[in-house]
Every structure is written in C-alpha cells, then in structure tokens.
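Open the model in a viewer and keep the selection tool at hand. The stops below say what to select next and what is there.

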Amino acid sequence: MSAQPANIKRWSRKRPDYGCAYRKSEYQKEIALIQEQVHYFSKHPTIMPVRAGIHRIACSSSEYSKDDITQALGQFTPAFWDKKKPKTYQYKAQRFWPDGEALLNINLLYGPTTPQIASTAKIYLDIIPNKALSPAQYRDALADLHSRLPRLKVSEVEYHLDLMCRDRESAESAHRFIHRHLFIPYNSEVRIVTDKADESLYSVHYDRDTKTYTDHISEGFRKSNKATPEDALWYVRFEFTAARSSDKRNRVLRAIGIDTLPGLLRNPQVYPALKNRFAFKRFKSDKHPAPWDVADRDTFQRLYNRTKVQASNPRALKANINQGPFPWLFDMYIAAAKKFTWK
C-alpha cells in the first residue's frame, strides 16, 4: 500500500468541537440562572416573573380620509419615511395624542401607492402606547380613540411576553439561552438586528415563511424606561405580530375573532394568538448533526433547518430532538398569556 501524501491530513475519530453552547456545565449554569430570576420575582409583591401584554396596534380604514383623521384627532406633524422599509403610502405624519397627556404615539400613513391598497386601506394608523401606561390606561385610550373613529379596522396586533431579570448581565445570559433554544415552526430565515446605539442590545427576527400563519416573530433583551433606576427593570422580550389579511396563510386576527377595536378591548386573545407559535427545543445529546457556529450566534432553529434538508434519515434527526428540555419555562409563558387582561 502506498504511503499517504504528506499534504493530506489523516482522518481522525475525534469528535469535532461544537462550541460551548451545549456543554453540560454551561447548560446547567444558564438554567440555574433563569430559575434564580424566576424565584426572585415570584417573591416580589408586584412584579410577575413573566408578564404578557400588547405593544403596538395598527388600524386601517377604507372609509376615512386624512382630513377625517385630523378632524377627529387634531393636526399631525409631517414625518420622514424609513428608507429601509417599503413605501406603501406616499405620506407619513405623526403626533402624540391626546394633547397634554401623550398617551399614544400615532403614526398616520395616507396616500396609498397602489389601487389594491387604496381599496382596503386609504389610511393606516400605527399606534404605540406610552411606556408608562398600564394595561387599563392603554385600554381606556383605545376606547377613546374608537369613540372618535368607530369605523377603524384592526390590521395588526403585536403581542409580547417578557421574562423579567434583575440586571443587564442576567438579561444577556437569559437571552442567549432562550435565543439558542427558541424554535419557530415553518420558519427558516433568522435575522439578527443590532441596536445602533448599543451593539449588545439586539433583536432576532424570524421572517415569515409561506407555510406559517405568522407575520413576524422577534425576541431580544432590553431595559424598561422608568422614572427611577430602581424601577428600570431588564427583561427578555418575545414578540409576535398577528395580522388581519385576505391571504389565507396570514389571517391570525380573523381566526381568533378580532376585527375591530371593541373586539380587541373585550377580549385581547393573547393565548389564542400565541398558541403553537413557538417552542423551546434542543438536541438530546451533544452529537449534533452539523458543526455549531458559535461566532455566528447559531441556534437550534438554524442548526435544525440547515441539516434537515441534507439529512439522509429525517426520522433519526427528529428522534434526537428533546421536545421539552425545560417545560417549566414554557408553561410559565403560556400561563402568563392565559392570565392577561386589560385590568
């Protein structure tokens, strides 16, 4: 037998290094940290370990014009478009409403660019609450808005689930853990969006695939803006945007019975909107089907999607997935979603 060429490395049985992400000690350390956070806030008199809520709401109408909106809500200030986003309307204006209280930040889009948009939504209102508002105050502000513009249709609702953390270090560690194991069915593309002001504050967006009902899902960690440092809590946020659309693949709001603001205020439907939209998963062992790219902030989602297409035996790949590595955390998310009310 001829000798092996010197420039060719001999094959080795040594298992490749998949990074520290799935090393047992690191995994247990991160779970213990999250459990510590949960225990801490479970003893807190006013703060729940996981809180659910509604952030952004978008409404549209084919009946109202820009003049109708300004007559009902007051004058808006012209605003500039984000160049990175598609321009579906010609004009954008903004105002804080109502005067003197600034409970809601309302962006008004008008002048649709296509006849198709004009037939369903002449105007589009993007509504973001003041961060200091309680759910009850947010509900009352939306009820006041409905009384002035009763023919608005709810186009999007952005639901969120927050895992509370005591400090930035805890939030970063918890986010790494959740981001690594979060699994979104039918989604293949994962984009990391970094905050320009602070590169360690970033969100991860899971783009909608044609097989799923979601508009977009994102998660990241951030700090709440409160008056005093003691109230400025860190949290890991999971967001899901449900949309109302004529597209059969993307009409979550219609499926859960939300079409107008009174319907949303009567029953926000947090749990039905989030049901079956996400899960936490990991492989049962450190024998991963593909190398783990730590530098690329790799996740179970990416690793699974990258290998399932190439797997010679997809059943074996699925058999190596742990469906519930930490069911207590998932159960807490679901419980928070079920308990949410506007009160």
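**Stop 1: a charge over a ring**

Select Arg-51 and Tyr-235: Arg-51 lies over the face of Tyr-235, at 4.9 Å from the ring centre. A charge counts as sitting over a ring if NZ of Lys or CZ of Arg is within 6 Å of the ring centre and within 35 degrees of the ring normal. A second case is found by selecting Lys-338 and Tyr-271, where the charged end of Lys-338 is placed over the ring of Tyr-271, 4.8 Å from its centre.

Before moving on, note that this is a predicted model, in which local features need pLDDT of at least 70 and side-chain atom pairs count only at pLDDT 80 or more, while totals for chains, interfaces and linings use all residues. Residues are numbered from 1 along each chain as its sequence is written, and side-chain values use heavy atoms, with hydrogens and water left out.

**Stop 2: strands β1, β6 and β11**

Show the cartoon and select residues 153-165, which form strand β6. Helices (H or I, at least four residues) and strands (E, at least two) are DSSP runs, numbered from the N terminus. Of the 13 residues of β6, 12 are buried; buried means under 20% relative accessible area, exposed over 50%, and partly exposed in between (1.4 Å probe, protein chains only).

Add strand β1, residues 50-61, which pairs with β6 in the antiparallel sense over nine bridges. Two strands are taken as paired if DSSP finds at least two bridges between them. To check the register, pick Ile-54, whose bridge partner in β6 is Tyr-159.

Next add strand β11, residues 234-243, which is also antiparallel to β6, with 10 bridges. Here Glu-156 has Ala-243 of β11 as its bridge partner, and Leu-161 stands opposite Phe-238 in β11. Because 10 of the 10 residues of β11 are buried, the strand is largely enclosed by the rest of the structure. Both of its faces are covered: one side carries Trp-234, Val-236, Phe-238, Phe-240 and Ala-242, and the other carries Tyr-235, Arg-237, Glu-239, Thr-241 and Ala-243.

**Stop 3: salt bridges**

Stay on β11 and show the side chains of Arg-237 and Glu-239, which meet in a salt bridge (3.9 Å, N to O). A salt bridge is a side-chain nitrogen of Lys or Arg within 4 Å of a carboxyl oxygen of Asp or Glu. Both Arg-237 and Glu-239 are buried. Extend the selection to Arg-51 and Asp-162: salt bridges that share partners join Arg-51, Asp-162, Arg-237 and Glu-239 into one network.

The whole structure has 12 salt bridges. Which residue forms a salt bridge with Asp-99? Select Arg-95, and the closest N and O atoms of the two are 2.2 Å apart. Asp-99 is exposed at 63% relative accessibility, whereas Arg-95 is buried at 8%. Then go to Asp-140 and Arg-139, where the closest N and O atoms are 3.2 Å apart. Asp-140 is partly exposed at 45%, and Arg-139 is partly exposed at 26%.

**Stop 4: helix α2**

Select residues 66-73, helix α2, and colour Ile-69, Thr-70, Ala-72 and Leu-73, its buried residues. Look down the axis: these residues fall within an arc of 165°, so they line one face of the helix. The arc is taken from the directions from the helix axis to the C-beta atoms. The face turned away from the buried side carries the exposed residues Asp-67 and Gln-71.

To see what the buried residues of α2 pack against, show β3 (89-97), β4 (104-112), β5 (123-129) and α4 (135-148); contact means heavy atoms within 4.5 Å. Gly-74 follows α2 and has a positive phi, near 100°.

**Stop 5: aromatic rings**

The structure has 11 aromatic pairs. Rings of Phe, Tyr and Trp (its six-membered ring) pair if their centres lie within 6.5 Å; planes under 30 degrees apart count as stacked, over 60 as edge-to-face and the rest as tilted. Select Phe-278 and Tyr-333, an edge-to-face pair at 6.0 Å centre to centre and 75° between the planes. Phe-278 is in the loop between α8 (270-274) and β12 (279-280), Tyr-333 is in helix α11 (residues 327-339), and the two are 55 residues apart. The relative accessible area is 4% for Phe-278, which is buried, and 2% for Tyr-333, which is buried.

Finish by selecting Phe-238, Phe-278, Phe-280, Phe-330 and Tyr-333, which form one aromatic cluster.
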